[in-house]
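Student: Could you take me through one part of this model in detail? I would like a close look at the empty spaces and at the elements around them.

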Amino acid sequence: MRIVQINTTYNIGSTGRIVHGIEKRITHAGYESFVAFGYGNVVDRTHFKVINKIDSYKHNIFSRLTDRQGRYSTRKTIELVKRLDAISPDIIHLHNLHGNFLNYEVLFEFVKETNSKVIWTLHDCWPFTGHCAYFDLVGCDRWKTECHNCPQIKSYPPALVDNSCANYTIKKELFNSIGSRLTLVPVSNWLASLISQSFFKNTKQFTIHNGINLNQFNPKRILQNIKPYILGVAFPWDKRKGLQDFIKLRDLLTDDIDIRLVGLSNSQIKNLPNGIIGIQRTNSAEELAIRYSNAIAFINTTYEDNYPTVNMEAIACGTPVITYKTGGSPESVPSQCGYSINQGDIQSLNQCILKIFSKRKLFNKEQLVKFAKDNFNEDNCFQGYIDLYKSVLK
């Protein structure tokens, strides 16, 4: 069996690490694995970059000018298609196709002419909208019928004009063109319910929750002589991730507790109030695990999300999580692992933090780690893909 995975990243960022984790299960099962990606550091016979920095920059500019994300990089995608044709994969496993690295029209026109089965893991809502990756913030439901007059045209992927109606029409026709050979994999029950309301409603789907590498994310050394802190991790830190809520929280939270935020830009770090320590993005799992392990709690103030891996990473390091009731985020934070609170409820957020801080045994580190081992081990979670590969090829 030959499987090709295609994603924006490889072994960096959350989806890139997921692709790497699935790849390990593929090779462990004795199958042939190939990965095509836009951004990553491994290039060899089975790993190939679709795009270079200059072409990615051009794609980004054109996308902003025309609102045609994922419809440039034509020449590079043709080269990818030639490699796919040479590999002749049994399964093409898609992940994120946005991110300025690939022309999805060229890719799907090729896929239509093959006999390959297609698995598409949906990490967000972009595949069935005319523009955005999420629509919760503005309460938009045009994606259910036909996108137009997009209220989030400046949100990711940002654009200067609105081409959402045409994008929606193209996606609907193209993505449904391969019929029964396509199986969708939402990574949360929340996203599965949205797919059932989209133009994918007649497409087969099978939910597989993400897992994480527990060899990387586990309790690390406890740092001495540091002030107690809560932790937030995101990239980028924008309105969707709730940066302003941390700033509001700073006014309520006791001065005995610092706030540390990982993934901020230099300009954001310069504008932080006292008591919030800003840290630039890191791709080091070891560094992140140390920060998780030493935090009182991990705080996820996300307003739009699917099934965030940061929740799982924190729990695996023995740290309880407080998350907003957003998308699939609460699915990974049962009551024994933390709290789920209403979006924007800073008072409740503060109270939950103080409760954890004052009652350190409220959430037992060993029990949190055990829960992660039982539920988040990527070897077990990603085995679901091996089982799915086998079933679609029957």
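Tutor: Happily; what follows goes from the enclosed cavities to the sheet beside them, and ends with an open pocket.

Please keep in mind that this is a predicted model. A general word on the approach may help: rolling a probe the size of a water molecule over the atoms shows where empty space is left.

Let's begin with the enclosed spaces. The count comes to three cavities of 30 Å³ or more. The largest cavity holds about 120 Å³ of space. Fifteen residues line the largest cavity, and if you want to find its centre on screen, look for Arg-17, Ile-18, Ile-212, Asn-213 and Glu-378, which lie nearest to it. Two helices, H1 (13-28) and H10 (309-316), each supply at least two residues of that lining. Helix H1 gives the largest share, with six residues. By class, the lining of the largest cavity has eight polar residues, four charged and three nonpolar.

Now set the second largest cavity beside it, with a volume of about 100 Å³. This one is also lined by 15 residues, and those closest to its centre are Cys-132, Cys-140, Cys-147, Cys-150 and Pro-151. Its lining divides into eight nonpolar residues, six polar and one charged.

Helix H1 leads us on to the sheet. H1 lies across the strands E1, E2, E3 and E4 (91-94), and it runs at about 165° to E1. Those strands belong to an open sheet of seven, in the order E3-E2-E1-E4-E5-E6-E7, with parallel pairing. The edge positions go to E3 (47-49) and E7 (204-205), each of which has a single partner strand, so one side of each is left without a neighbour in the sheet.

Strand E1 deserves a closer look. Where E1 (residues 2-9) runs parallel to E2 (residues 32-39), seven bridges join the two. You can follow the register residue by residue: Arg-2 stands opposite Glu-32 of E2, and Ile-3 has Ser-33 as its bridge partner in E2. How much of E1 is buried? Seven of its eight residues are, so E1 is largely enclosed by the rest of the structure.

Finally, let's turn from cavities to an open pocket. The second largest pocket has a volume of about 380 Å³. Its lining takes in 19 residues, with Ser-293, Asn-294, Ala-295, Ile-296 and Arg-360 nearest its centre. By class, the lining of this pocket has 11 nonpolar residues, four polar and four charged.

One of those central residues, Asn-294, also links us to another stretch of the chain. Arg-221 sits in the loop between E7 and strand E8 (229-233). Leaving aside neighbours within four places in sequence, Arg-221 is in contact with Ile-290 and Asn-294. Although Arg-221 and Asn-294 are 73 residues apart along the chain, their C-alpha atoms are separated by 8.0 Å. Is Arg-221 buried or exposed? Its relative accessibility is 53%, and exposed means over 50%, so Arg-221 counts as exposed.

Key. Residues are numbered from 1 along each chain as its sequence is written. This is a predicted model: local features need pLDDT of at least 70, side-chain atom pairs count only at pLDDT 80 or more; totals for chains, interfaces and linings use all residues. Side-chain values use heavy atoms; hydrogens and water are left out. On a 1 Å grid over the protein atoms alone, a cavity is a set of points where a 1.4 Å probe fits but cannot get out, and a pocket is an open set with protein on both sides within 12 Å along at least five of seven lines; lining residues have an atom within 4 Å of a point. Grid points are joined across faces, edges and corners, and a volume is the space filled by probe spheres set on the points. Helices (H or I, at least four residues) and strands (E, at least two) are DSSP runs, numbered from the N terminus. Ala, Val, Leu, Ile, Met, Phe, Trp, Tyr, Cys and Pro count as nonpolar, Asp, Glu, Lys and Arg as charged, and the others, Gly among them, as polar. Two strands pair if DSSP finds at least two bridges between them. Contact means heavy atoms within 4.5 Å. Axes are lines fitted to C-alpha atoms, for helices over the stretch in contact, and angles run from 0 to 180 degrees between N-to-C directions. Buried means under 20% relative accessible area, exposed over 50%, partly exposed in between (1.4 Å probe, protein chains only).
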